[in-house]
Structure formats: C-alpha cells, structure tokens
Amino acid sequence: MDRPKPARMQHFAIEVSDTDRSIDWYRRVLGFKVTERHAAHEVAEIPVELTFMRLANIHHEIVLVHNPAKTYRRKPLPENDLDGPPNFHHAALECDSRAEWLRMLERIQEEGAQIVRGPVLHSFVQSRGDGSWGENEAVYILDPDGHRIEVFCDLATIDADGTHVSAWGDRMEGTRTEEP
Ligand SMILES: [Fe+2]
C-alpha cells in the first residue's frame, strides 16, 4: 500500500546561548543569511527569541532558539555526555560536489572553527576510507554552543535491490541494505 510520508528532511532548530554570537558564526563559517529575527514574546505564545536562517532561497534551513529566562551551559561532547536526557548528536550540511566541499574545508579552517573529527572519508571499499559506511567525505565542527555540524559531499544512494551506489555511479556489489 502506498502510505503517505514526508518527501525530505529539511530544517533543524537548536538552542543557542547568545543569538548574536551564533548568527555571526553561522554567517562566517557556513554562509547562512538571516531571513527573519523575532524577539521573545513578540507573538503571545512564543516566549523565546527565534532567528530563521537560510543558505539559498528556501525560507530557512536552521532556526536559532534562545530563551532569555534560561541559564545556559555548554553542551558536552557526545563521548562525555554520560548522564541526562538523550542529546541530539549532529546535523549535516551537504555540498554539491567534492570541489565545493574542499573549498568549504578551507573556509572552515580560515574562520578558525573547531574541528572535532575529520576530514574523513566514510568508506569500507576505498583504501583511504575509515572503514565506516556511506561513501561520503566529511568534516565535523562545533558551533559556539557545542552543537556538532557535519559538512559533507558524495553520499551514496541505494538502488532498488538494496545495493549501495557511490556518488560517481559505481554499484558496490556485496553491499547490503536492511530495508531495500
Ligand atoms: Fe552524519
């Protein structure tokens, strides 16, 4: 039966301790623009400051949420987060090509963003790979509050029979997909 489902993942919203600082970081490091910024209580039932940011012409891909009534402390790294509610691990931003990803890597380094993993090639079929899955190249950085953002390119796709296909069109025979 053809049951309804969403077409795609789209935006994510994160809490930030200092909206100005985060706007500056998402602009400088990742190239976002501010679409709309709204003060807490501007709308009666919304007690938090909301800032909608975009990469191109979609209204927003990220939302920065700041609660002026909250005392913030820095989010721990996942490996150090040993007690408390399950935390969101990371969000990922895709580059259109490996060339653009390499330019983003330069930008990230020039802007002095904190790199916590990579650059790394997630692959168990390529000799440069780290043995993990997805056939994509990635770098992981932390935003000013410790939110982990991945910037990547070349994620594999899945053929109808469950075989993984690299971004450059190679079917990787022997690969397996739990739910083709
Ligand atoms: Fe990821």
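## Two domains and a shared core

The chain is divided into domain 1 (9-72) and domain 2 (88-180). These bounds come from an automatic or database domain assignment. The model is predicted: local features need pLDDT of at least 70, side-chain atom pairs count only at pLDDT 80 or more, and totals for chains, interfaces and linings use all residues. Residues are numbered from 1 along each chain as its sequence is written.

**Overall build**

The chain has two helices and eleven strands. Helices (H or I, at least four residues) and strands (E, at least two) are DSSP runs, numbered from the N terminus. From that end, the elements run β-α-β-β-β-β-α-β-β-β-β-β-β. The C-alpha atoms fill a box of roughly 55 × 45 × 40 Å, taken along the principal axes.

Of the 180 residues, 18% count as buried. A residue is buried if 20 or more other C-beta atoms lie within 10 Å of its own, exposed if 12 or fewer, and partly exposed in between; the C-beta atoms are placed from the backbone. Two residues are in contact if their C-beta atoms, placed from the backbone, lie within 7 Å. Among contacts in the chain with a separation of 6 or more, 43% join residues 24 or more positions apart.

**Where the domains meet**

The centres of domain 1 and domain 2, taken over C-alpha atoms, are separated by 25 Å. Ten residues of domain 1 are in contact with nine residues of domain 2. On the domain 1 side, β1 (12-15) and α1 (19-30) each supply at least two residues. Helix α1 gives the most, with six residues. By class, this side of domain 1 has six nonpolar, two polar and two charged residues. Here Ala, Val, Leu, Ile, Met, Phe, Trp, Tyr, Cys and Pro count as nonpolar; Asp, Glu, Lys and Arg count as charged; the others, Gly among them, count as polar.

**The core**

In soluble globular proteins, nonpolar side chains tend to be buried together. A nonpolar core is a set of buried Ala, Val, Leu, Ile, Met, Phe, Trp, Tyr and Cys residues joined through C-beta atoms within 7 Å. The largest one in this chain has 18 residues, and those with the most contacts inside it are Y26, V29, I108 and V151. At least two residues each come from α1, β4, α2, β7 and β8. The largest share, four residues, comes from α1. Domain 1 (9-72) and domain 2 (88-180) both give residues to this core, so it lies between them.

Take I108 as an example. Not counting residues up to four places away in sequence, I108 touches V29, A113, I115, V139, I141 and V151.

**Strands and sheets**

Two strands pair if DSSP finds at least two bridges between them. The table lists some of these pairs.

| Pair | Sense | Bridges | Opposite residues |
|---|---|---|---|
| β2 (33-38) and β3 (49-54) | antiparallel | five bridges | V34 and M53 |
| β3 and β4 (62-66) | antiparallel | five bridges | T51 and L64 |
| β5 and β8 (148-153) | parallel | five bridges | H90 and R148 |
| β9 and β10 (164-165) | antiparallel | two bridges | T157 and V165 |

Four strands form an open sheet in the order β5-β8-β7-β6, with mixed pairing. The edge strands are β5 (90-94) and β6, and each pairs on one side only. Neighbouring strands of this sheet are turned by 20° against each other on average, direction ignored.

Helix α2 (residues 98-110) lies across β6, β7 and β8, and runs at about 145° to β8. Such axes are lines fitted to C-alpha atoms, for helices over the stretch in contact; angles run from 0 to 180 degrees between N-to-C directions.

Another open sheet has three strands in the order β9-β10-β11, with antiparallel pairing. Strands β9 (157-158) and β11 (171-172) stand at its edges, each with a single partner strand, so one side of each is left without a neighbour in the sheet.

**A loop residue**

F124 sits in the loop between β6 (114-122) and β7 (136-142). F124 counts as partly exposed because it has 13 C-beta neighbours inside 10 Å. Leaving aside neighbours within four places in sequence, F124 is in contact with G129, G131, S132 and W133. F124 and N87 are 37 residues apart in sequence and 28 Å apart in space, C-alpha to C-alpha.
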